[in-house]
Amino acid sequence: MPFFSGGGGGRSGALLPTTSKPKTHHHLRSKSSLSSPASSRRRGGGHASSSPTYSRRALCLAAAAFAALFVLAFLRLGFPSSRSSSAAASSHARPRPRLTRRPAFRHRDSAAAEAAAAAVAARIGREAPVDITTRDLYDRIQFLDVDGGAWKQGWEVKYRGDEWDGEKLKVFVAPHSHNDPGWIRTVEEYYDRQSRHILDTIVESLSKDSRRKFIWEEMSYLERWWRDAPRKKQEAFAKLVRDGQLEIVSGGWVMNDEANSHYFAIIEQMMEGNMWLNDTIGVVPKNSWSIDPFGYSSTMAYLLRRMGFHNMLIQRTHYELKKELAMKKNLEYLWRQNWDIEETTDIFVHMMPFYSYDIPHTCGPEPAICCQFDFARMRGFSYESCPWRFDPVETDPNNVEERATKLLDQYRKKSTLYRTNTLLIPLGDDFRYVSVEEAEVQFRNYEKLFDYINSNPHLNAEVKFGTLEDYFSTLRDEAEKINYSRPGELGSSELQGFPTLSGDFFTYADRNQDYWSGYYVSRPFFKAVDRVLEQTLRASEILGSFVLGYCQKFQCAKLPISFSHKLTAARRNLALFQHHDGVTGTAKDHVVADYGTRMHTSLQDLQLFMSRAVEVLLGDFHDRSDPTLLSHFEPVQERSKYDVQPVHRVLDLHEGKAHSVVFFNPLEQTRDEIVMVVVSSPDVSVLNSNGSCLPSQVSPEWRFVSDENISTGRHRLYWRASVPALGLETYYVVTRQDCEKAVPAVVKTFTTSQQFPCPEPYVCSKLEGKTVEMKNSYYTLSFDASHGLLQTVTHHKDGQQTVIGEEIGMYRSHGSGAYLFKPIGEARSIVEEGGHFILTEGPLVQEAHSLPKTEWHKSPVSHSTRIYNCGDSIQDMLIEKEYHVDLAGHTFNDKELIVRYKTDIDNQRIFYSDLNGFQMSRRQTYDKIPLQGNYYPMPSLAFLQDSLGNRLSVHSKQSLGAASLKNGWLEIMLDRRLVHDDGRGLGQGVMDNRPMNVIFHLLRESNVSALPKTHSSLTLQPSLLSHRVGAHLNYPMHAFMSKKPHDKSFKLPQQSFTPLTTSLPCDVHIVNLKVPQPLRFPHAEAADARFAILLQRRGWDTSYCKRGGLQCTTVGEEPVNLFYLFKDLSAVNVRATSLNLLHDDPEMLGYLEQIGDVAQEGNVLISPMEIQAYKLDLQLQSSQEE
C-alpha cells in the first residue's frame, strides 16, 4: 500500500490511479472504482529543449565565466523559457506545454554564484506582463456607486438575439449547498441539524435520476458524515462521484479565509481534506469553488495551481470591480502572480458577477425574476419568501412556456457578461437541500423548464444540470474552437482567448460604502492563538519526523505512532479555524469558544508530545523503555484555559539544585538570540551544556496594569543561547558560588505618583527630563517619557535619525460590526501626560515599560519597547514592541484601538502589506474611497519606503489590519469592541474581548544599491534581513524545562541534537517536514516515501543588504541537496510532488526544471518565491543502525 494517496500522471484533475487494495467499510478507494482520466485541455507548445551543461574546467577560465554570466542572464531573463508538450495523454487529450523552467546554471562555484546574483538583480524592477492589474482597476474606477436599476450595482443588460446563432448557448445549472463549519452554530450543531441531512439528501435525490448533478466542498462535514454513514450509503456516494453526478470541488477541510490565514495553514487545510478524500474515495479535486470568503488573495491562486488545480471560481469581490470587469467581458481571466516572469502560475478564474451566491443573484441580473425560480421558497418550506413580492410557482404544462422563456431571458442576459457561450448558473444557498422534499421541488421544476427549452431548437440553447467540471471542460472545448482573444491582449498559453490578471481583491465592499475591513482585526486574541497552534503543529511535525527517522524500528518510534490520532486532530483543528467565519472572528460567541477550545486542546496535546519527543531525541534511541511514559520535561509556558494568555512557569531553585532548560530551534539556520525564563530568585547563574558559566541578566517582571506594586515580585532571567538549525540545545539554571551570578538591571523611572516601590535587589533612580534615550550596538531610541511613547530611532552605522512618532489612538464607530469597519471621523490620540515610564537597562536587554495615563481609570493599553545586545545577531537589529490590550468593559463600547507610527518617511501614502505571510502587495490610499476602504489585511508584515530607500518594516505575530492614511503614517488596528450587529447575518456585535499581548518587531533599513526608477509603482519585496526577522518572530524557539529541580551532577545522555549537516541558505525555508500518515509508518514497504518536505525560496529585495545584515549565505540558484541535508540520515526515493502531495508530475505543477534526476542525485532547484514539495524516505545510515 503506498504511503501517500495519489500517484503520478501529467493530467491535472484526473482521478489518479492507485495500487491500493479495496478497503472495507469506511474506505471505498480501489482501482476499479476510478473513472478514466479527464482529458487535458492546454494548447500545445514548442519542442522540448534540453538543458545545456557546462564543464567545470571551462568555468574556471575568467573569460568563459564572464561569457557564461552574460549568456545565462540573457537566456534566463530575456526570453520566456522554452516549452514542450507534455507526456502522451489519452487519445482525445490535447498536449499541454511544459511548465518547467530551466535553471540559470549548474555547478557550485564562484562563476555560478555571480550568474545567480546577476539573474536575481535583473528581476528587480520587473513584474509579470499581464493585461489587467487590480491596481489599474482601482486607478481607473471612480467608485460612484451608480444605481443600475434592476441590477442595482450594474446596468440594464440587453442583447440583440443573434448572439447564439453560430454557437448555441450551453447552460450548466450547478446545484450546491454552502455549509459553514461553524458560524451561527458550532460545526457539530450544524452537522446534527442540517449537514448530515443534506448529504443524505444528495445521495437519495441524485440516485433517482442520472441527469441530476451536485457539487460539495467541505471535507470537514463529509468526513464526519462518512463515519456515521452505513456501508451502502457510502458506496452510493462514491458511485455518484465516480459517475460524475457529484463533484467534490476544492476538497479542503474548509473553504478557508484568504485575508487572515497564513499560507502554512492554507496548505495544511487543503492537504488534510484532499488526502482524506483521495484515501477514502479515490478522487483528487480538479476545480476550486470559493463563494463566501470576504475578498481573495493571489496567494490562494498560486497554492491551488501548485496543487494541480487549473480552474477556480470566486464570488465576493468589490461590486465596482465586478461591474468594470463585466463591462469589458473580463470576468473570466487567467490569474498570474505579479512576480511570475516565466508565466507558470496561470490559473483560470470564473468570477461570479452579482451581489450574492444565492439563487436570486445567480440566474441573471434581475433578482426579482431569479427569485421566482428558487422553488424552495414556495409555501411548505422554511425559507423566507421573495422580498420582491413575486414568489415562485409550480411549473406545469399551462405555464411552462412563459416560465422557461423568462428564465432563459435571464440566462441570455448573464451570458452577455462573458466571452463564451458556455454559462454557469449556481443553484443553491446556505445549508440548502436539507430534505428530499426540498431537493425534489427544485429538481422537478427545473427538469420541466429544461425539457421545454431543449425541445425548442429555435431557442438556440441547451440547458442541463452540471458540475464545475462539466462547465470548465465545455468552456475549454469552446475556447479551443473559437478564438475569443481581443486585439493586443497578451493572454496565456494555459488557455487562450482570455485576459491575464495580477493582484488581489482586497478590500471587499458588497454595497454602498460598506467595506469589510473590520474582520481583519475582529477577535484578535484567537487570531493570535491560531498562529501559536500553527507554529506548534509545525514544530511537532518536524520533531515527530526526526523521532521516526532516527528510531525507525526501535522502541522509541512508538511515541509519534501512538500520538498519530491526536496529531490528526491538531491538523484538523487548525484547518477548521481557517474557515472564513473562524480565523476571521465573525462567528457567534459560543462558536468562537468552540473553536478556541478545540485549538487549546490540540495545543496541550502537541506540547505534551513535544516534551516527550525532546527527551527521546536527547536520549538513547536504543532504549527499550516505553517512550509514551516519559515525563522529564514540560513547556516553559503554560496556558490554563482556552481564552487566557500563556504564562511562564516559574523556576524555583534551592541551594545545590539546577533546572535544565532545552530549546528547540524550528528554523533552518543556527540561531543566536537572547532567551528568557522567569525565576523566583535573582541569585542564579546559567551554564551551557559543557558546564561553562554564561553571562546573564535579571530584570524585574513588570505588570501591564497600573497598581500599587507594578512589580510582580518575580524576575526575568536572560542569557544568550545558540541552538543548531532544527536542533536542540540544553542549558542549566543553577544556584552556585563558583559562577558569576546574573547581573541585575538598573531601573530608572519617570512617574507623576509620589512613590515608586523599587523591587529588590535592584537599584532604582528617577529619570530627569522628558526625553529619555535607550541604546544598543545598532540603535539609539528616544522616548517622550511623559507620554511613554517612542519618538525617534538613530542608526549608529550611518547616524541617520528616523522619526517614529508612536501614537496610540481610538476610533469611535457607528455601524461597525464583526465584518464592517465604519468609523466616525479619524482616530484621536488617547495618551495623556503622566502615567508610569520605567527604563530597565542591563548588559543583554534594555526595556522601556510604559503604563500610560488615559481618560479612563483603567487604561485600554500598556506597552513595552525592548532592544537586545546579543552580539551581531538578528535580535540586535530589531526593535521589539509589545502592546498589552484590554478592551473588556462597557467603557470601550463601539471603540476601535490603533497604534500609529507617524514617521518622516515620504511614502506618498503608499505602503506594502503581506498576503498570507507569503508575498507582498502594494497598497495605495485613495481619496475617492472612504477611510475604511483604505484599510488592508496585515497577516504578518507591513512596511513604508521612500524614494531614497529608507524603509520601516513592522512585523506582526498575528493577523491585523493596517493603513497609511497620511504621508509617512503606518497605522495598525489592535482590537475592536462593538455593540451592534452590522447586518451581515451574524446577529450580534463583538463584545467578548480578552486581555492580550500584541508583539511587533520593527526594522529600520536603508538600501545599499540603487532602487529601480519605477519602484513606487512596483510591488516591493522584504529584504533578506526582514525575512529573517519575520521568521524569528513567527517561528520562536520552543522552550522546555525539567519538571523538578535536579542535582547539578544530573546530565541527559545528549546535551544537544543537531539533525542538519549544515544550516540552509538564508533564503530557503522548510515550510514543513512531516510524516503525513504516521500510523502506516511501521507497515510501509521499503520503497515507500514515508516523509514529505516542503521547501520555499523566499523572494527578497536585492537593493538591501545581501547578507541579511550578517554572515548570511543565499541559495544563489545552487541546488539544495536532499541526500546530504540530514546528519546520520539518508534521504532516498526522492520525488517531486504537488503541495497537497497528490500529483507527482513536476511539469504539470510548473516546477523549475531540475539538474539531472532528483531521485538519483538529490539536487533540488527552486526559483525565488516558489514552494516545492517532495516525497522521500529517511533511513538510518549503516553506522547508526547498530
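Is Arg523 buried or exposed? Select it and see: Arg523 is buried, at 6% relative accessibility. Bear in mind on this tour that the model is predicted.

**Stop 1: backbone oddities**

Stay on Arg523 for a moment. You'll find it in the loop between β13 (514–515) and α15 (524–551). Its phi is positive, about 55 degrees, although Arg523 is not a glycine. That deserves a look, because most residues other than glycine have a negative phi.

Now jump to Asn1133, another non-glycine residue with a positive phi, near 55 degrees. Asn1133 sits in strand β53 (residues 1129–1137). With a relative accessible area of 30%, Asn1133 is partly exposed.

Next, pick the peptide bond from Phe506 to Thr507: it is cis, with omega near 5 degrees. Thr507 belongs to the loop between β11 (500–502) and β12 (509–511). Then go to Glu760 and Pro761, where the connecting peptide bond is also cis, omega near 0 degrees. Pro761 lies in the loop between β26 (746–751) and β27, and β27 leads straight to the next stop.

**Stop 2: the 11-stranded sheet**

Color the strands β27-β26-β34-β35-β36-β37-β46-β43-β42-β39-β40, in that order across the sheet. You're looking at an open sheet of 11 strands with mixed pairing. Its edges are β27 (763–766) and β40 (919–924), each of which pairs on one side only. On average, neighbouring strands here are turned by 20 degrees against each other, direction ignored.

Zoom in on β37 (residues 879–885) and β46 (residues 996–1005). The two run antiparallel, joined by 7 bridges. Which residue of β46 is the bridge partner of Lys881? Click Phe1000, and remember that name for the core stop.

Now add helix α19 (residues 1024–1034), which packs on the sheet and touches β42 (941–945), β43 (951–956) and β46. The direction of α19 makes about 165 degrees with that of β46.

**Stop 3: the cysteines**

Show all cysteine side chains. How many disulfides does the count come to? There are 6. Number the bonded cysteines in sequence order and the pairing reads 1-2, 3-4, 5-6, 7-8, 9-10, 11-12. Three of these links are worth a visit.

- Cys371 and Cys386: the sulfur atoms are 2.0 Å apart, and the link is left-handed, with -95 degrees about the S-S bond. Both cysteines are in the loop between α11 (367–370) and α12 (400–415), 15 residues apart. Cys371 is buried at 0% relative accessible area, and Cys386 counts as buried at 4%.
- Cys551 and Cys556: here the sulfurs are 1.9 Å apart. This link is left-handed too, with -115 degrees about the S-S bond. Cys551 and Cys556 are both buried.
- Cys693 and Cys739: the sulfur atoms are 1.7 Å apart, with -130 degrees about the S-S bond, again left-handed. Cys693 lies in strand β21 (residues 693–694) and Cys739 in the loop between β24 (728–734) and β25 (743–744), so the link ties together parts that are 46 residues apart in sequence. Cys693 is partly exposed, at 38%, whereas Cys739 is buried, at 6%.

Before leaving, select Cys1105. Why is Cys1105 not bonded to Cys1112? Cys1112 has the closest cysteine sulfur, but at 8.7 Å that is too far for a bond; the cut-off for a disulfide is 2.5 Å. Cys1105 is partly exposed, with a relative accessible area of 32%.

**Stop 4: the cores**

Switch to side-chain spheres. The largest nonpolar core has 281 residues. Those touching the most other members are Trp216, Leu222, Phe237, Trp335, Tyr411, Tyr446 and Phe1000. There's Phe1000 again, the partner of Lys881 from the sheet. A second, separate core holds 29 residues, including Leu651, Leu653, Tyr731 and Ala742. As background, nonpolar side chains tend to be buried together in soluble globular proteins.

**Last stop: Asp209**

Finish at Asp209, in the loop between α5 (187–208) and β3 (214–216). Asp209 counts as buried, at 16% relative accessibility. Which residues does Asp209 touch, not counting those up to four places away in sequence? Show Gln245 and Glu447 to see its contacts.

Key. Residues numbered from 1 in each chain as written. Predicted model: local features only at pLDDT ≥ 70, side-chain atom pairs only at ≥ 80, totals over all residues. Heavy atoms only, no water. Pairing = 2+ DSSP bridges. Helix = DSSP H or I, 4+ residues; strand = E, 2+ residues; numbered from the N terminus. Axes fitted to C-alpha atoms, helices over the stretch in contact; angles between N-to-C directions. Contact = heavy atoms within 4.5 Å. Buried < 20%, exposed > 50% of the residue type's maximum accessible area, 1.4 Å probe, protein only. Core = buried A, V, L, I, M, F, W, Y, C linked by side-chain atoms within 4.5 Å.
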